[in-house]
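Visitor: I would like a close look at a single part of this protein. Please take me through it step by step.

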Amino acid sequence: NTSGMNAKTQPSLWLKFEQIREGSEYLTYGISPFCINGMVTADRKPQPELWQVKHSCSPVRFHSENPVAGIFKAVNKYSFTNLNELETQWSLSKSGILANAGTVELNVKPQSSSEFKIPVPETFDESSEYVLEISTKVKRDEPFKERGHEINFQQFVLRQATSFPKPASTLKYQKVFASENDAEISIFCGDSRYRIDKQTGALNYLSGGSLLVRSMNANLWRAPISNEKVDWGKAEAEDWYRMGINVFVNTVHAIESTTAADSSFVRVLIRSSITFPRSSDLVDNDFTYLFTSDGVVEIQHTMTPLGYFHVEWLPCLGVSLQIPQEYNNIRWYGRGPHENYADRNTGARLGLHRTQIDSVMLPYIEPQEYGNYSEVRWMEFSDKRGKGVTILAERPFNFSAVPNYNLDRARYLFQLQKDQY
């Protein structure tokens, strides 16, 4: 009971100790999670970093100065094992689809290297990406290793596609037209409707009356990782919070739409800026949308930081959007299938992968940024019926898809919250 207390004696925190909320089991830590740096969780689950360590520390390596010529070098770092005791396989994929495969007989003594050849195509399709993979595996059952256990793999991009085909559309030619009021611009194409907020620039996409994409806009924020929150060196996230990057605001200054004379497209240009509550710095944020008659939306997006930005680095530069929970299936062409980042992705295969958002590994013992996939050429999310959205870019990009909206405010996993997106 706090009645009769003056301002000096009022409690700053009030906890209902008699209230108990039942939940699931979770891992905890003491004063700080700073030294929880292992690659296996306390309940003995492997973390994604373990795959990178396996790759980087492998006793078998493959190199090539000219992979297009099919000439490769095998390096044997074993002390007592000849590579003829292992099975070496190769495969050639075309935009993620297996095109050819075979085996190579290697005879490389311990602590030595040797060159070998693999047949590769003489010509390549311009719209396809060709990746050659070499893998070494155990030939027979051994202690702690069953037959077929992979020792290492190495991938070589023989030809990177200059462009990928546009997403396949089930729509035939549909007239595209726009309407607007004081609050928003709406673009219509068949049963698809796009709504752009004139104040914030956020885009919503509805298909058949159902909201498929919500609040797509520029993004500079992500949950800090553990190393960005501790002052071992510098706690970079402190500068982010000091500026207010976590609560940035995007304000539209100009927006205009143009409809083609034959109603084959609508173009919308948005000029806006991102500001921060405790800094005079800003980011120019410009979008150009091209809504076409086949249901494809082409986006050009430019972000230009202006000012001093007294930070070591920005949390991110990109786009964020929300999708309904039922669109849980993800498929992509890029690094995978486990989480990977630019500084640890060679242990992840470049190819076609699929997963579900709710099956992505939880964000470590202390909630933080997680679940990224790198060098992605295209990705799609869909529901059980296969309905969804495909996203591709001119250059490889990163993406993450997580179900929790409070990663930057939770200290333990049980505190993570989900909503309907």
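Guide: Here is a walk around one asparagine, followed by a look at one sheet. Keep in mind that the model is predicted.

Start with Asn152. Strand E7, residues 150-159, holds Asn152. Is Asn152 buried or exposed? Its relative accessibility is 2%. Buried means under 20%, so Asn152 counts as buried.

Now follow the side chain of Asn152. One polar contact goes to the side chain of Ser58, at 3.4 Å. The Asn152 side chain also reaches a backbone atom: the oxygen of Val60, at 2.8 Å.

Next, the surroundings. Set aside the neighbours within four places in sequence. Asn152 is then in contact with His55, Ser58, Val60 and Arg61, and also with Ile134, Ser135 and Thr136. Ser58 and Val60, the two polar partners, are thus among the residues on that list.

Move on to the sheet. Four strands form an open sheet, and their pairing is antiparallel. The order reads E19-E18-E20-E21. Strand E19 (349-356) and strand E21 (388-400) are the edge strands. Each of these edge strands pairs on one side only. On average, neighbouring strands in this sheet are turned by 20° against each other, direction ignored.

Look at one pairing inside this sheet. Strand E18 covers residues 329-336, and strand E20 covers residues 372-382. The two run antiparallel, and five bridges join them. For a marker on this pairing, take Asn329: Ser382 in E20 stands opposite Asn329.

Methods: Residues are numbered from 1 along each chain as its sequence is written. This is a predicted model: local features need pLDDT of at least 70, side-chain atom pairs count only at pLDDT 80 or more; totals for chains, interfaces and linings use all residues. Side-chain values use heavy atoms; hydrogens and water are left out. Two strands pair if DSSP finds at least two bridges between them. Axes are lines fitted to C-alpha atoms, for helices over the stretch in contact, and angles run from 0 to 180 degrees between N-to-C directions. Buried means under 20% relative accessible area, exposed over 50%, partly exposed in between (1.4 Å probe, protein chains only). A polar contact is a pair of N or O atoms within 3.5 Å; within protein, one must be able to donate a hydrogen and the other to accept it, and residues adjacent in sequence count only if both atoms are side-chain atoms. Contact means heavy atoms within 4.5 Å.
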